[in-house]
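User: I am new to this structure and would like to learn how to read helix packing and empty space in a model. Could you take me through it step by step?

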Amino acid sequence: TYEKWALPIFAGTLLLMVLVSLSPLGVEAKGARRWLRVGPFTIQPSEFARIGLVIVLAQMLAAKRENLNDFVRGLLPSIVALGIFSVLVALQRDFGAFVVMGLVTVSLWLLAHVKLRHLGVLMIPAAAAVIFLVFQYSYRMNRILSVLYPERFADTIGYQLNQSLLAVGSGGMFGQGLGLGMQKYHFLPESHTDFIFAIVAEELGFAGAASMVLLFLALVLIGIRISYRAPDYFSGLLAAGLTLVIGFSAFANFLVVLGLAPTKGLPLPFVSYGGSSLIANLAAIAMLVAISNHSLEVRGSREVV
């Protein structure tokens, strides 16, 4: 069903992203226009567009499986899909989604055994695009500087990162206790969204934070197992893509909170506040469960035969 409706699903999510940028329904917050107001609710279409992009990439790569060595007939359609998505998220200043979905797409290309020389050629414009987006706005350069020199900019551009590191460091081995952390009381900006992992480390300590990392790692390994055992090529690529979207988003968030990567505005899946992210990630898990169940049904019927 997803393979059949891949293009309409992707087109529908892109239409929502266009409405964010061009219609009065678009909502701007903290310098970024990423949300769409629907009655009393706001949704972030890019969260759903990630899932749509994975579905259409899996469909294109599966349909062009015999022609993937041909750049134009095999690889170009998926490049166009990624390009459209990238332009729209760039307009919304969602650099984190751009990076994550770029990594997911490259991973799917590698899994589909696309020619490495084709990927090598694509890396040049991709690197140029990343450099352009970094230098496009001064705040992105400031985020890089705050990671490189956190103490020098502790009271200015590095304030958020320093407060995050204070929260992580004050957690010790077993934390201050659930609900007893202090950084969430207006010391650490975005403590309920992008930097929730810092609060987890503060309240549950290294033991709690490490347990959360291991849980995400287990989720990724289970997703990879589902992908490996999928009954058909499309389902395998879809399962891998959905798993990587969640995995890359989670581990990018961990790196940001620990000061190992610049701030990107990526929520922690299933943990950060935000309905759009939660619904989109739960939809991805539902698809993984469906693929797993279908795999069991197919194997069971083969065993009966």
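## Helix contacts and empty space

Analyst: Please keep in mind throughout that this is a predicted model. A good place to begin is a pair of helices in contact: Phe10, Leu14, Met17, Val18 and Ser21 of helix 1 meet Ala81, Ile84, Phe85, Leu88, Val89 and Leu91 of helix 3. Sorted by class, the residues of this contact of helix 1 with helix 3 are 10 nonpolar, one polar and no charged.

User: How are two packed helices described, and at what angle do the axes of helix 1 and helix 3 cross?

Analyst: In general, a pair of packed helices is described by the angle between the axes and by the distance between them. Here, the axes of helix 1, residues 6-22, and helix 3, residues 71-91, come within 10 Å and cross at roughly 25°. Angles under 35 degrees count as roughly parallel, and helix 1 and helix 3 are therefore roughly parallel to each other. The crossing of helix 1 and helix 3 is left-handed.

User: At what angle do helix 2 and helix 9 pack, and is their crossing left-handed or right-handed?

Analyst: The axes of helix 2 and helix 9 lie 9 Å apart, and the two helices pack at an angle of about 145°, with helix 2 passing helix 9 in a right-handed crossing. On the side of helix 2, the residues in contact are Arg50, Ile51, Val54, Ile55, Ala58, Gln59, Leu61 and Ala62, and they meet Tyr233, Phe234, Leu237, Leu238, Gly241, Leu242, Val245 and Ser249 of helix 9. The contact of helix 2 with helix 9 is made up of 12 nonpolar residues, three polar and one charged.

User: How is empty space found, and how many cavities of 30 Å³ or more does the structure hold?

Analyst: The general idea is that a probe the size of a water molecule, rolled over the atoms, shows where empty space is left. In this structure there are two cavities of 30 Å³ or more, and the largest cavity holds about 70 Å³ of space. Its lining includes Arg50, Ile51, Val245 and Ser249, residues that also take part in the contact between helix 2 and helix 9. Helix 2 (45-63), helix 9 (233-257) and helix 10 (275-304) each supply at least two residues of that lining, which divides into six nonpolar, three polar and two charged residues.

User: Which residues line the second largest cavity?

Analyst: The second largest cavity, with about 40 Å³ of space, is lined by Asp194, Asn253, Val256, Thr263, Lys264, Gly265 and Leu266. By class, this lining has two nonpolar, three polar and two charged residues. Leu266 also belongs to the lining of the largest cavity.

User: What is the volume of the second largest pocket, and which helix gives the largest share of its lining?

Analyst: The second largest pocket has a volume of about 600 Å³, and among the 23 residues that line it, Leu82, Ser86, Phe98, Ala126 and Ala129 are the closest to its centre. Helix 3, helix 4 (95-111) and helix 5 (116-136) each supply at least two residues of the lining, with the largest share, nine residues, coming from helix 5. The lining of this pocket divides into 18 nonpolar residues, five polar and no charged.

Conventions. Residues are numbered from 1 along each chain as its sequence is written. This is a predicted model: local features need pLDDT of at least 70, side-chain atom pairs count only at pLDDT 80 or more; totals for chains, interfaces and linings use all residues. Side-chain values use heavy atoms; hydrogens and water are left out. Axes are lines fitted to C-alpha atoms, for helices over the stretch in contact, and angles run from 0 to 180 degrees between N-to-C directions. Helices (H or I, at least four residues) and strands (E, at least two) are DSSP runs, numbered from the N terminus. Angles under 35 degrees count as roughly parallel, over 145 as roughly antiparallel, 65 to 115 as roughly perpendicular and the rest as oblique. A crossing is left-handed if the near helix is turned anticlockwise from the far one by less than a right angle, and right-handed if clockwise. Contact means heavy atoms within 4.5 Å. Ala, Val, Leu, Ile, Met, Phe, Trp, Tyr, Cys and Pro count as nonpolar, Asp, Glu, Lys and Arg as charged, and the others, Gly among them, as polar. On a 1 Å grid over the protein atoms alone, a cavity is a set of points where a 1.4 Å probe fits but cannot get out, and a pocket is an open set with protein on both sides within 12 Å along at least five of seven lines; lining residues have an atom within 4 Å of a point. Grid points are joined across faces, edges and corners, and a volume is the space filled by probe spheres set on the points.
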